[in-house]
Amino acid sequence: MAYWLMKSEPDVFGIEHLKALPNQTDHWDGVRNYQARNMMRDEMKVGDQVFFYHSNCKPPAIVGIMEVTREGYPDHTAFDPDEKYYDPKSDPEKPRWYMVDVKHVRDLKREIPLDELKQYPELSDMRLVQKGNRLSIMPVDKKEWDFILSIEDE
């Protein structure tokens, strides 16, 4: 099993949106970065655990946990001109963009803001806290995952 962090703006698609859906499950669409796409297409597996991170808000924070329920498959929103994430260069026969399905597991006992995460030496190598890292999807190593869960009660 692997661990991940996936970012979304709470006013676009937040954890409350996911929880309101049937089976609290949805596809994670609209990723338009090749590195993040490759992670979804090639590395994410059913059962992987994911931190749900609210970005572009005050404060940005880890707010919950999801689980991957379907491995990477073509992002159909890229093929539809009426979709926000339409990409005219993407072709159903040779898809450019991929997505995975995720299911809400639980909310964290408290939101853990980015400013707090940056204060812990145990997380100094975590991609999220490093300058210039703007990917919407990133791997989280097991030590980082466990540490974040250990501070959830503080």
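The largest pocket in this predicted model holds about 840 Å³ of space. Of the 29 residues that line the largest pocket, those closest to its centre are Lys7, Ser8, Ser55, Asn56 and Ser136. Two residues outside this central group, Val140 and Glu144, are also described below.

**Lining of the largest pocket**

- Sorted by class, the lining of the largest pocket comprises 11 nonpolar, nine polar and nine charged residues.
- At least two lining residues come from each of β1 (3–8), α1 (10–13) and β2 (25–28), and β2, with three residues, gives the largest share of the lining.

**Val140 in strand β6**

- Val140 belongs to strand β6, which spans residues 137–140, and because its relative accessible area is 5%, below the 20% cut-off, Val140 counts as buried.
- Once neighbours within four places in sequence are left aside, Val140 is in contact with Tyr3, Trp4, Leu5, Phe51, Met126 and Trp145.
- For Met126, which lies 14 residues from Val140 along the chain, the separation between the two C-alpha atoms is 7.0 Å.

**Glu144 in helix α5**

- Glu144 sits in helix α5, covering residues 142–150, and Glu144 is buried but has no salt bridge.
- The nearest side chain of opposite charge to Glu144 is that of Arg127, at a distance of 7.8 Å, whereas a salt bridge would require a separation within 4 Å between a side-chain nitrogen and a carboxyl oxygen.
- With neighbours within four places in sequence again left aside, the contacts of Glu144 are Leu123, Asp125 and Met126; Met126 is also among the contacts of Val140.

How values were computed: Residues are numbered from 1 along each chain as its sequence is written. This is a predicted model: local features need pLDDT of at least 70, side-chain atom pairs count only at pLDDT 80 or more; totals for chains, interfaces and linings use all residues. Side-chain values use heavy atoms; hydrogens and water are left out. On a 1 Å grid over the protein atoms alone, a cavity is a set of points where a 1.4 Å probe fits but cannot get out, and a pocket is an open set with protein on both sides within 12 Å along at least five of seven lines; lining residues have an atom within 4 Å of a point. Grid points are joined across faces, edges and corners, and a volume is the space filled by probe spheres set on the points. Helices (H or I, at least four residues) and strands (E, at least two) are DSSP runs, numbered from the N terminus. Ala, Val, Leu, Ile, Met, Phe, Trp, Tyr, Cys and Pro count as nonpolar, Asp, Glu, Lys and Arg as charged, and the others, Gly among them, as polar. Buried means under 20% relative accessible area, exposed over 50%, partly exposed in between (1.4 Å probe, protein chains only). Lys and Arg count as positive and Asp and Glu as negative; His and the chain ends are not counted. Contact means heavy atoms within 4.5 Å.
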